[in-house]
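Dear colleague,

Please find below the structure that I am handing over to you. My notes on its charged residues follow.

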Amino acid sequence: MPMKKFFTLLYVLLFLVTTQGWAQNRTISGVVTSAEDGSTMPGVTIMVKGTTVGNVTDINGKYSISVPSTTTSLVFSYVGMQTQEIAIEGRSVIDVKMSTEVKQVDEVLVVGYGSRLKTELTGSISKVQAKEIENLPVPTFEGAMQGRTAGVFIENTSGKLGEAMRIRIRGNSSISADNQPLYVVDGMVVTSQNMGTSNNSPINPMADLNPADIESINILKDASAAAIYGSRAANGVVLITTKRGKAGKTQFNFGYQYGVSTPTHMVDMMNGQQYRDFFTEVFTRSYGTRADALDALNYYINYFSGYVKGPGDTIKYDTNWQKEAFQRGSLAQYELSAAGGNDKTQFFTGLTYNTQNGILLHNQMDRISGRVNLDHQANDKLKLGMNFSLAYNERHRVPNDNAFSNPLQMIALPPVQPIYDPENPTQLYRYTLYENGLRPATYNKDKTTVIRNLSGAYLAYEPFKGFVLRAEAGVDILAQREMNYMSRKTVDGAPSGYDENRVLQVINWSTSEYFTYNKDFSEIHNIELVGGINYQQSNEDILYLSVTGFPGDPFQTPSSGTDAADFGGPSTGYKYMSYFSRLNYKLSDRYLFGLSGRMDGSSRFGANHKYGFFPAVSAGWILSREKFLEGASALSFLKLRASYGLTGNSEIDNFASLGLYSASNYAGLTGIHPTQLPSPDLKWETTAQTDAGIDFGFLKNRITGEIDVYYKKTKDLLLYEMLPATSGFTSRYHNVGSLENKGLEFVINTNNLVGAFQWSTQFNIGFNKNKILNINGPTIYAGNTRTGNNIAMEGQPMGVFYLPKYAGVDPQTGDALYYVKADSSGTTTNYNEAAFQIVGDPNPKYYGGITNTFTYKGFDLSFLFQFVGGNKIFKSFGLWAESNGWNLDNQTTKMMKAWKKPGDITDVPRADWDVNNGTRSSSRYIEDGSYLRLKTLTFGYNLSPALTSKLRLSSLRIYLSGANLLTFTKYTGWDPEVNFEGTGRSTTNTNLIQGSEFYTAPQAKTFTLGLKIGF
């Protein structure tokens, strides 16, 4: 080819390529404003649909973007605003008005064996979304739910990691049976009861569930919503749905957070000087002179080898034992997930590692968990899927509140006693008033490990449109090992060491087969029919061994001990066979009717009552769709609803209805002896609940909310009643009595400001009043004076405090005074002559929370204030820490206000050595437990899509979060959110023991810095 022709051809090709390149791109510009107020909107993302080409509006809301000539539309998006897809249609200037993305009433709620639109719901259900609780610095999802749902009272019983939480949905429904709700994860009832040893505080099995895996939590509160779970739904049902994949590009997410924790509050205890001065005055009253008092104090303290008097009459030691009980807590979490798929197959998989050091000395919890969820559409009729999760949880525990080895009990030690041995400064001091808590914390080991597997599979077949057959199977395997070694250097382990090993395995499996039929008729009728069967079986096997006689502390396995102190291997279990059905009918898109029922058969109940039936009926009316309200422009939505139904409670001992025998040995001969009377008529507690509610929305749903009133009456209480010892038996379960709960719930959600700067508020409050109607016998006492003498009495709320009522101090003598009569008429006397009476109610009268969320450009700020009111707390550690010189325990600084001379006006009695002057259990130690707490606060920044796309990321967020940051309360103990749990698995009336603090760890105040990256 001649050179001239070559260059001519090359020129033509370059010209064509260049002109084609110019022809492929053009510029589109415009201004984005708010539809509400016309203000310009900076930071709005503009993307070419189906590509990664994009830009953002500037500070004046203007934008300019170069797009290919083949582009047909642009996508405009902004946090909190409705995403808009705008067709180009040959235009070069496109101005856009964006409207607020208001939370709609018509969201999807998960119900038992299906889902419902909120607009069509006739029951009462509260929903918590994953985005509301993700990345909060709390160890379990229940803690993240506090203050977010009306009618659901959630309480951390202590600040220990992984310990049981107390959850009450619309009050306490039982005296002796469990009051915790039923937990269902991805359609499977899971093990949620404490499975720990009876020698320590209850463990929370739900702490094995990774909060990062949760998509939503739906709480079924009324009978129409919960009755489809029948005999186990009286305490409400918590439905947990885990995350699943969606068709589209695989989305990876990585998250990291690190935080530090401190106690929310420290009690004001005496220092060394205050302690000496206080007890010098106490002993002066007994011994006459200050010199004699100091000698006596030195004698008693030195009796325990303590040190009061140093050179020049100064304090030799000033130990802050409370500070020694705590450590700086920390947490770190790493999480990685991937989700995506195509039209046929979708998947979600995640892996999370979480490690926490608690605020109490040597309290630690590590959890690693993984999850895989798969869904596959085999053809147009068949769909199948599976869920698999595996978690390993390791807890380094501290002893129960009542144990001297509990670190917090160190505050009882005199501050004038040393931490380390004066004769051997490298050794922890042995001869303190009580055991030096640093010794068991250092030398003992208490570790619990759990391997938890939650897995399930389903098969759904739709032979014709609207009719689906579904089969589900799931298994919950919990393998737990508790290892507790007590060193020979401690009081509990002396003289040769003591080791407890306990291994537990729970295999809980279930199957469900049911159908769903959904059909529209004649354009005005719609029915949904569900019916099926469910079978569940749980088997629990335990092996335990206690050994003493170890050659030294390095030898801590059972095989190293020489003497078996105790051993055993009990097995237990239960079975349920159930049939359920539900019918929902909708007429003219506004009249709603529901009917459901479940028949349960249980191995737990007597031969004469193996099965029970639990029906419910409900109705709703969507008034806002009526023609007579068409002109009400301010009204967006209005629905009236009502329901009535029966639910049951079957959470008692597995063999409570049977006559039981145990093996025995006498003089080398083996045999059996009866241990429990049979109860062939034992049956379910039954709760009848009536609910009436209103759902509303105003101003295009910028204001939405709901109001519910309810009444619950529980009859045939499963009461653990005591028997005369002459019968040869001590107790049994029996259906006796009734109680009631009635209350009001109110929820309101508002979008206060819209546009570039947005502000929304969510507020909820619940009121509940509990009363025991009948227990067919005398008052039931639970616990003892240490826990406030909680009782069950007809006509009173459950667990009220029953003690003498404190009347103050006689200003002339300093003697403690108490009321003679229960009516507090003014006549006073001493403790022995005082009347026992109701002096407080540990049940809160109301509880709730308020959340405010602000967003501007990429910034967001959200904070939740949680509150509880009207409840009382028995400050039982005050029996020792505010004991007026009765013993040598360190005292709170309040004791410095004790009566000293005639005419003194004070509420603290005269302090006397070894004299019970006002120091016995009474209302003196009852305090107001109400509180308002800044529960969570999160401040974050999300990089704009334009910037993240340049980094080849889909999202990037950095945030600072806090938990339990501020607490406003009149309570003078460690924390008003507390409940002395004592020890674990008990069959007595422990539901009555509530509202008591006995050296119980406070909640942790936590600050966390986190990062989330999507790619």
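The model is a predicted one. I begin with a short-range pair: Lys901 and Asp904 form a salt bridge, with their closest N and O atoms 3.1 Å apart. Asp904 counts as buried because its relative accessibility is 17%, and the limit for that class is under 20%.

A second pair is Arg910 and Asp912, whose side chains meet in a salt bridge at 2.6 Å from N to O. Both of these residues are buried.

**Salt bridges elsewhere in the model**

In total, the structure holds 39 salt bridges. One of them joins Arg452 to Asp208, and here the closest N and O atoms are 3.1 Å apart. Arg452 belongs to strand β24 (residues 445-464), whereas Asp208 sits in the loop between β14 (188-189) and β15 (214-220), so this salt bridge ties together parts that are 244 residues apart in sequence. Arg452 has a relative accessibility of 4% and therefore counts as buried. Asp208, at 6%, also counts as buried.

Salt bridges also link several residues into a network, which consists of Arg170, Lys221, Lys639, Arg641, Asp691, Asp695, Asp708 and Glu745.

**A buried arginine without a salt bridge**

Which side chain of opposite charge is nearest to Arg168, a buried residue that has no salt bridge? It is that of Asp178, at 5.6 Å. A salt bridge requires a side-chain nitrogen of Lys or Arg within 4 Å of a carboxyl oxygen of Asp or Glu. Arg168 is located in strand β12 (residues 165-169). Its side chain does make polar contacts: one is with the side chain of Asn172, at 2.6 Å, and another is with the side chain of Gln180, at 2.7 Å.

**A positive patch on the surface**

Finally, I draw your attention to the surface. Lys742, Lys769, Lys771, Lys845, Lys872 and Lys970 form a positive patch there. Among them, Lys845 is placed in the loop between β47 (836-840) and β48 (846-856). Is Lys845 buried, partly exposed or exposed? With a relative accessibility of 47%, Lys845 counts as partly exposed, because that class covers the range between the limit for buried, under 20%, and the limit for exposed, over 50%.

When you view the model, the pair Arg452 and Asp208, the side chain of Arg168 with its contact to Asn172, and the lysine patch that includes Lys845 may serve as starting points.

With kind regards

Key
Residues numbered from 1 in each chain as written. Predicted model: local features only at pLDDT ≥ 70, side-chain atom pairs only at ≥ 80, totals over all residues. Heavy atoms only, no water. Patch = residues over 30% accessible without salt bridge, like charges linked within 9 Å, V, L, I, M, F, W, Y side chains within 5 Å. Areas by Shrake-Rupley, 256 points an atom, 1.4 Å probe, with all protein chains shown as cover. Lys, Arg positive; Asp, Glu negative; His and termini not counted. Charge placed at Lys NZ, Arg CZ, Asp CG, Glu CD. Helix = DSSP H or I, 4+ residues; strand = E, 2+ residues; numbered from the N terminus. Buried < 20%, exposed > 50% of the residue type's maximum accessible area, 1.4 Å probe, protein only. Polar contact = N/O pair within 3.5 Å; in protein donor to acceptor, adjacent residues only side chain to side chain.
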